[in-house]
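User: I should like to learn how to read the features of a model from its computed values. Please take me through one case.

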Amino acid sequence: MPLCYFVLRVIRNPFHLRGFISQVRLQIDPKIKKIEIICWATVLILLLWLLLMPLNDSSTIFSTNYTLSLLMPVMLWGAMRFGYRFISLIWTPVLIAVIHFHYRYLPIYPSYNTQLAITSSSYLVFSFIVAYTAMLATQQRLIYARVRQMAFLDPVVHMPNLRALSRALNGTSWSTLCFLRIPELELLGRHYGVLLRIQYKQMLANH
């Protein structure tokens, strides 16, 4: 399980925790606000409390395995917004608690074995869907960030284009532009090819 692997890595190398936290931050959707995280955590804790509350005569349908099905959209919400690493770290203890205390939401009655088999298969299906959705959402965000970054680069010289210049100018109250004209560069390009001009511009931009 990811949680067990994470614990072993932290025990062996405590500095792994710092790298893991940075990776979690990179995978979380940048548009997320703190209120959304609080709402998601509140709903998750509420569902777990209803699910793991001992059954009694006053128990409602929310104290049965019906609430287990409500965990699915909540975890999918977290998987799509918080990324794979974070949601795998949360889903593992949730799954352990739900499996260990299954007797609290599965009352013993004639079809108990059938319900237990169905619920057990739900654990596997839920885990697969949550993990796959989290990986897919994380990959989509990385691809989107990469495409957005490429939109501000010239595909030939791999330098910021006019769109990047416009964004930089809009982000400052005042700006100064410097125009460099190198007549000899045209002559060098005719003799040694366009690649020399591109490399020269790249080296000039780095300085």
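User: How many positive and negative side chains does the chain have, and how far apart do the centres of the two sets lie?

Analyst: Lys and Arg count as positive and Asp and Glu as negative, while His and the chain ends are not counted. Each charge is placed at NZ of Lys, CZ of Arg, CG of Asp or CD of Glu. Here there are 19 positive and 6 negative side chains, and the two centres lie 6 Å apart. This is a predicted model, in which local features need pLDDT of at least 70, side-chain atom pairs count only at pLDDT 80 or more, and totals for chains, interfaces and linings use all residues. Residues are numbered from 1 along each chain as its sequence is written, and side-chain values use heavy atoms, leaving out hydrogens and water.

User: How many helices and strands does the chain have?

Analyst: Both are DSSP runs numbered from the N terminus: helices are H or I over at least four residues, strands E over at least two. This chain has nine helices and zero strands. Its radius of gyration, taken over C-alpha atoms, is 27 Å, well over the 17 Å that the globule rule (2.2 Å times the number of residues to the power 0.38) gives for 207 residues, so the chain is more spread out than a compact globule. The C-alpha trace spans about 90 × 40 × 30 Å along its principal axes.

User: Where does UniProt place the feature "transmembrane region"?

Analyst: The unreviewed UniProt entry places it at residues 35-55, 61-79, 86-103 and 115-138. Such annotations may be inferred rather than shown by experiment; feature names are shortened and positions follow the numbering used here. In the model, residues 35-55 are 86% helix and 0% strand, with end C-alpha atoms 32 Å apart. For residues 86-103 the helix share is 83%, again with 0% strand, and the end C-alpha atoms are 28 Å apart.

User: Why does T119 count as buried?

Analyst: Buried means under 20% relative accessible area, exposed over 50%, and partly exposed in between, with a 1.4 Å probe and protein chains only. T119 counts as buried because its relative accessibility is 3%. This residue is in helix α6. Beyond its neighbours within four places in sequence, T119 is in contact (heavy atoms within 4.5 Å) with N65, L68, Y105 and L106.

User: Is Q149 buried or partly exposed?

Analyst: Q149 counts as partly exposed, at 44% relative accessibility. Q149 lies in helix α6, which covers residues 112-150. Its C-alpha is 9.6 Å from that of A164, 15 residues apart in sequence. Over the whole chain, 26% of the 207 residues count as buried.
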